[in-house]
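New to this one? Have a look at the sequence and the 3D view first, and then we'll walk through a few spots worth finding.

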Amino acid sequence: MTMLLKKITLKTDAEIELPSSKSISNRLLIIQALSNSNVELTNVSKAKDTVELQKCLSSQERIIHAGEGGTTVRFLVAYFFIANHEKIIHCDETLNSRPHESLFRHLEQLGAIFEFQGSQYKFPVKVCKRKLPEIECTHLQIDVKKSSQFLSSLLLIAPLFTKPFEFTWEGNSVSYPYINMTCKLMSQYGAKLEIFKNKIVVKPSPYSLEATFVESDWSSAAFFYCLASLVEHEVHWKFPYLVMSDLQADQKISKIASLFGVETLVHIDFIQLTKKNTKSFERLCVDFLDCPDLFPAIAVCCAMKKMILECKNVQHLRHKESDRLFELTEFVKKYGATIKWHELDDTIEICIDNRSIKLPDSIEVEVKNDHRLAMAYSLLSLVAKVKIDQPTVVEKSFPDYWRQLDLLSRK
């Protein structure tokens with residue numbers, strides 16, 4: 001099913017209902033399961049990945065299907081290992097193009113036994129019951145070059161080990177703020193951790209979950225911040241339950257958007273976005289190491305502004321739902337952008353020169369089963385008719401996105 005977005009004009013005043021944070025929700029669901037608690041979690045994400053995680057955690061079936069969420073399958077593999085549940089985990093085939101081997105190998109070091117139903121270190125996989133009741137290993141060197149989720153999934157189960165456990169890693173971690181989110185939530189609900197530069201020590205400490213309200217999602221807010229930066233008129237938009245906290249790294253979008261004249265007013269339980277003046281400049285420089293999910297929206301936004309976008313640490317964008325680095329650079333090249341690449345060791349930096357871009361009045365895009373590409377390309381509807389081939393992919397993180405965009409549009 002395809003969808004045609006007609007060229008839109010946006011309202012000056014609006015209230016936008018964002019989804020709750022999927023990342024926070026998924027971590028809290030694992031903590032809830034590990035604590036055997038029935039304490040209520042309120043405003044849990046309705047994103048497809050989170051719904052699948054809830055179903056799998058509550059399922060009594062031996063064979064489960066985890067959908068297409070990387071976080072979902074990675075958290076589940078570690079959870080079923082420590083809970084000593086024998087499960088056969090299936091997931092969408094698209095997930096096998098993303099990295100998982102390091103996590104399987106780390107869990108094998110802890111004593112996990114896996115029976116791969118097809119290719120080695122690919123799904124589907126059978127998580128077998130442990131032979132040894134206790135975890136004998138006390139240290140792991142974690143591979144964090146491609147995903148922080150490997151470390152987060154292991155950290156979440158570590159309080160249930162019977163001995164203090166040390167996690168270390170080398171170099172810069174991809175998306176370290178997501179590791180920080182994991183640690184903060186663990187500490188908030190009873191886990192005892194000692195955090196150093198490249199080391200985290202977790203001591204045996206049972207979780208004690210309390211009733212929690214999940215805040216709204218900054219990754220989703222980013223698309224509306226970019227929309228605000230693109231319009232010429234004044235706007236005042238309100239986001240209920242979006243808060244400035246230390247949990248979500250993607251709140252960095254508020255600082256980036258401020259360069260374009262978009263201001264953020266912080267209230268107790270909502271954010272007010274305002275834009276009165278349009279600022280223009282030629283070049284934007286962003287380091288995406290801590291905020292990779294912002295890249296699609298910012299890349300399309302800068303293309304529409306005909307700006308130069310200098311990007312640092314974009315190497316991990318190749319391992320998302322799609323190869324976002326390839327897809328977005330090919331898209332802007334198609335309409336006249338030029339790109340310079342610099343690769344050194346495990347890092348990639350690119351410079352996208354959008355000054356020669358010419359966008360047509362009608363654009364067709366392929367989103368490659370990637371929710372963030374679909375939402376990023378929707379920004380183009382400010383200047384063109386946009387035909388999107390897989391509009392339903394937004395269900396992965398923001399099921400209500402198209403309705404919220406429609407409500408924001410002037411009729």
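Let's start with Ile135, which sits in the loop between β7 (125-127) and β8 (139-141). Keep in mind that this is a predicted model. After that come a histidine in another loop, a pair of packed helices and two cysteines.

**Ile135, a loop residue**
- Ile135 may be in a loop, but at 6% relative accessibility it counts as buried, because the cut-off for buried is under 20%.
- Setting aside neighbours within four places in sequence, Ile135 is in contact with Phe81, Leu110, Arg130, Phe161 and Lys163.
- Go 23 residues along the chain from Ile135 and you can find Ala112; the C-alpha atoms of these two residues are separated by 9.6 Å.

**His100, in another loop**
- You'll find His100 in the loop between β5 (87-90) and α4 (101-109).
- Is His100 buried or exposed? His100 counts as buried, with a relative accessibility of 4%.
- There's a polar contact here too: the side chain of His100 pairs up with the side chain of Arg74, at 3.3 Å.
- Arg74 also turns up in the list of residues in contact with His100, leaving out neighbours within four places in sequence; the others are Val73, Leu95, Phe123 and Phe150.

**Helices α5 and α6**
- Helix α5 covers residues 149-157 and helix α6 covers residues 176-188; they pack with their axes 9 Å apart, at an angle of about 10 degrees.
- Angles under 35 degrees count as roughly parallel, so α5 is roughly parallel to α6.
- Which residues make the contact? From α5 they are Leu151, Ser152, Leu155 and Leu156, and from α6 they are Tyr178, Ile179, Thr182, Cys183 and Met186.
- Sorted by class, the contact of α5 with α6 has seven nonpolar residues, two polar ones and no charged ones.

**Cysteines without a partner**
- How many disulfides does a search of the whole structure find? The search comes back with zero.
- Cys56 is in no disulfide, and the nearest cysteine sulfur, which belongs to Cys91, is 10 Å away.
- Seen from the other side, Cys91 is in no disulfide either, and its nearest cysteine sulfur is that of Cys56, 10 Å away.
- A disulfide needs its two sulfur atoms within 2.5 Å, a cut-off to hold against the 10 Å between Cys56 and Cys91.
- Cys56 counts as buried at 3% relative accessibility, and Cys91 is buried as well, with a relative accessible area of 14%.

Terms used: Residues numbered from 1 in each chain as written. Predicted model: local features only at pLDDT ≥ 70, side-chain atom pairs only at ≥ 80, totals over all residues. Heavy atoms only, no water. Buried < 20%, exposed > 50% of the residue type's maximum accessible area, 1.4 Å probe, protein only. Helix = DSSP H or I, 4+ residues; strand = E, 2+ residues; numbered from the N terminus. Contact = heavy atoms within 4.5 Å. Polar contact = N/O pair within 3.5 Å; in protein donor to acceptor, adjacent residues only side chain to side chain. Axes fitted to C-alpha atoms, helices over the stretch in contact; angles between N-to-C directions. Parallel < 35°, antiparallel > 145°, perpendicular 65-115°, else oblique. Nonpolar A, V, L, I, M, F, W, Y, C, P; charged D, E, K, R; others polar.
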